[in-house]
Amino acid sequence: MIIKPSIKTITVKSLVNVLSILALVLLLITGLNFRSLSTQAIENQALAHAELVKAGLTSHMKARIMDRRDYYLDEIRELHHVKSLNIIRGDVVTEQFGPGKASERVTDPIANQAFDTKKPVFILNEFSLQPTVRVIIPYIASQQGGLNCLSCHKVTEGTVLGAVDIELDVKEYRNHALWIMAGLLALSIVTFALILVNTARTIKNHVQQPLETLIDHAMTAYKQHLPVSSDQFYSREFSNVADEINLFNTEILAHQEILQKKNEELLALNDEIESTLRETIYTMGVIEERRSKETANHTRRVSLYSQLLAQKAALTPREVELITAASPLHDIGKLGIPDEVLLKPGHFTDEERHIMMNHPAIGYAMLRHSQRDTLVAAGIIAYQHQEKWDGSGYPQGLAGENIHIFGRIVSLADVFDALYSSRVYKEAWSLEKVVKWFGEQRGIHFDPQLVDIFLADIDEFVAIYNQYPADKETEM
């Protein structure tokens, strides 16, 4: 069986997906913006250092103490975060004043880029264990301001005189940025968790529990015919559902009352039909009994014998009911036997005996088309009550338990009544003779277990005979 997820699980799962995407987007945007701000702060810091160097060198130049600039530069190099500091002399200055010091020369393509573009060049190495930023700021000749570069240098306006090449340690900046990003991530996770917890609690308090309560109260309301109180629900939706359930229960209960009345009427009608069917079956049995000129009450006694024997053989109550109602039709096939054969007082010829032995098949043919349980049982009894345990009976020659229990029981009941009653062709047997004969026929003519049951309580069967004697009709 597939276990379906709960509303809370579905909602929380959906919310997790949405919040995960939202958190990822927000972290990405925040990270990129923060990185941009951090990069700008680092570049500004490097630019400030470079401008400080430029300002110092300009002061040395104005004071005509450029030969002492190394002392100043060494002091700058000792500043926190400064990893390296170099002064790059441009070609025009070299042509005018000589090559200068070895360190004051263009040493790599990056420095040349600053000279070519006349703009600061920033190189940020942020993904190493020791992150740094290198900035190369060109020194551009100008006659604007307090210092007129053109008064000292024989160059045109805008010529690059040189550049300040400075490299700073930005590990603290990088670590600070990482801590801030970690803090933002932690804050996002906490917020994420709080949203999930609050959502789960909200679903439990306002969806799951009210729904379970509504279901329980709806079942109680249906069973006890009581309305569900909508005031106990906080949300409008559940209150509306409670009202709908009350309306539904009202309609269902009203229809149930109608159905109950109809069922009672059907049961009464069915009982009447069953009662009519039993009366009809019994009447047909009596008709057959009268035509065959059987002893009085034969049909009734066989029915009661069969009922008693079925009860003692531990048949189910329904089986006992069926055999009691159906047994009166055991000889219904005799209605198809001609009077000259049926009513003959003497012995039958072989041809007459053959005709008489057709009555089980005739009875079965009369009853086999019905689907009602009682008539189906009657058909079985009519067809098999002349079968014998050893297989020597007729019309099918069935043996043992291949003979239906109904046929075995009615066979014993019918023979007992025939032997114990007087007929036009014989006198009634004594009880001792009956007992002896049934003992001899145990396992031959009759089911041995049924014979044992019958003989163990034969007085009860005799009591039925005495209650409905063969010499006069007795009302039911």
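## A predicted fold of helices and a small strand region

Lysine 118 is partly exposed, with a relative accessible area of 42%, and this residue is found in the loop between helix 4 (109–117) and strand 2. Its phi is near 60 degrees, a positive value in a residue other than glycine. The model described here is a predicted one, and every value in this report is computed from it. The protein holds 16 helices and four strands, and buried residues make up 37% of its 476 residues. Among contacts with a separation of 6 or more, 63% are between residues 24 or more positions apart.

### Backbone features in the loops

Most residues other than glycine have a negative phi, and most peptide bonds are trans. Lysine 118 has a positive phi, and alanine 314, which is not a glycine either, also has a positive phi, of about 65 degrees. Alanine 314 is found in the loop between helix 7 and helix 8, and at 66% relative accessibility it counts as exposed. A further backbone feature is the peptide bond from tyrosine 394 to proline 395, which is cis, with omega near 5 degrees; proline 395 is found in the loop between helix 12 and helix 13.

| Residue or bond | Location | Backbone angle |
|---|---|---|
| Lysine 118 | loop between helix 4 and strand 2 | phi near 60 degrees |
| Alanine 314 | loop between helix 7 and helix 8 | phi about 65 degrees |
| Tyrosine 394 to proline 395 | proline 395 in the loop between helix 12 and helix 13 | omega near 5 degrees, cis |

### The strands

Strand 2 (residues 121–125) and strand 3 pair in the antiparallel sense over five bridges, and a hairpin of six residues joins the two strands. Within this pairing, leucine 124 stands opposite valine 133 in strand 3. Strand 3 also pairs with strand 4 (residues 160–169), again in the antiparallel sense, over nine bridges, and here arginine 134 has glutamate 167 of strand 4 as its bridge partner. How much of strand 3 is buried? Of the nine residues in strand 3 (residues 132–140), eight are buried, and the strand is therefore described as mostly covered.

### Helix 16 and its neighbours

The buried residues of helix 16 (residues 458–467) are Ile458, Phe461, Val462, Ile464 and Tyr465. Seen down the helix axis, these buried residues fall within an arc of 155 degrees, so they line one face of helix 16. An α-helix has 3.6 residues a turn, so residues three or four places apart point the same way. The face of helix 16 turned away from the buried side carries the exposed residues Asp459 and Asn466. The buried residues of helix 16 pack against four helices, namely helix 7 (298–312), helix 13 (405–420), helix 14 (431–440) and helix 15 (448–456).

### The nonpolar cores

In soluble globular proteins, nonpolar side chains tend to be buried together. The largest nonpolar core in this model has 41 residues, of which Phe406, Ile409, Leu412, Phe416, Phe438 and Phe454 touch the most other members. Helix 7, helix 8 (317–326), helix 12 (373–384), helix 13, helix 14, helix 15 and helix 16 each supply at least two residues of this core, and helix 13 provides the largest share, ten residues. Leaving aside residues up to four places away in sequence, phenylalanine 406 touches Leu315, Glu319, Leu322, Ile323, Ala377 and Ile381. A second, separate core of 14 residues includes Val82, Ile137, Val164 and Val170.

### Aromatic pairs

The structure holds twelve aromatic pairs. One of them joins phenylalanine 438 and phenylalanine 454 in a tilted arrangement, with 5.0 Å centre to centre and 55 degrees between the planes. Phenylalanine 438 lies in helix 14 and phenylalanine 454 in helix 15, so the pair ties together parts that are 16 residues apart in sequence. Phenylalanine 438 is buried, with a relative accessible area of 0%, and phenylalanine 454 likewise counts as buried at 0% relative accessibility.

Both rings belong to a cluster in which ring pairs link Tyr305, Phe416, Tyr420, Trp429, Trp437, Phe438, Phe446, Phe454, Phe461 and Tyr465. At tryptophan 429, another member of this cluster, the charged end of lysine 433 sits over the ring, 4.2 Å from its centre.

Conventions:
Residues are numbered from 1 along each chain as its sequence is written. This is a predicted model: local features need pLDDT of at least 70, side-chain atom pairs count only at pLDDT 80 or more; totals for chains, interfaces and linings use all residues. Side-chain values use heavy atoms; hydrogens and water are left out. Buried means under 20% relative accessible area, exposed over 50%, partly exposed in between (1.4 Å probe, protein chains only). Two strands pair if DSSP finds at least two bridges between them. The arc is that of the directions from the helix axis to the C-beta atoms. Contact means heavy atoms within 4.5 Å. A nonpolar core is a set of buried Ala, Val, Leu, Ile, Met, Phe, Trp, Tyr and Cys residues joined through side-chain atoms within 4.5 Å. Rings of Phe, Tyr and Trp (its six-membered ring) pair if their centres lie within 6.5 Å; planes under 30 degrees apart count as stacked, over 60 as edge-to-face and the rest as tilted. A charge sits over a ring if NZ of Lys or CZ of Arg is within 6 Å of the ring centre and within 35 degrees of the ring normal.
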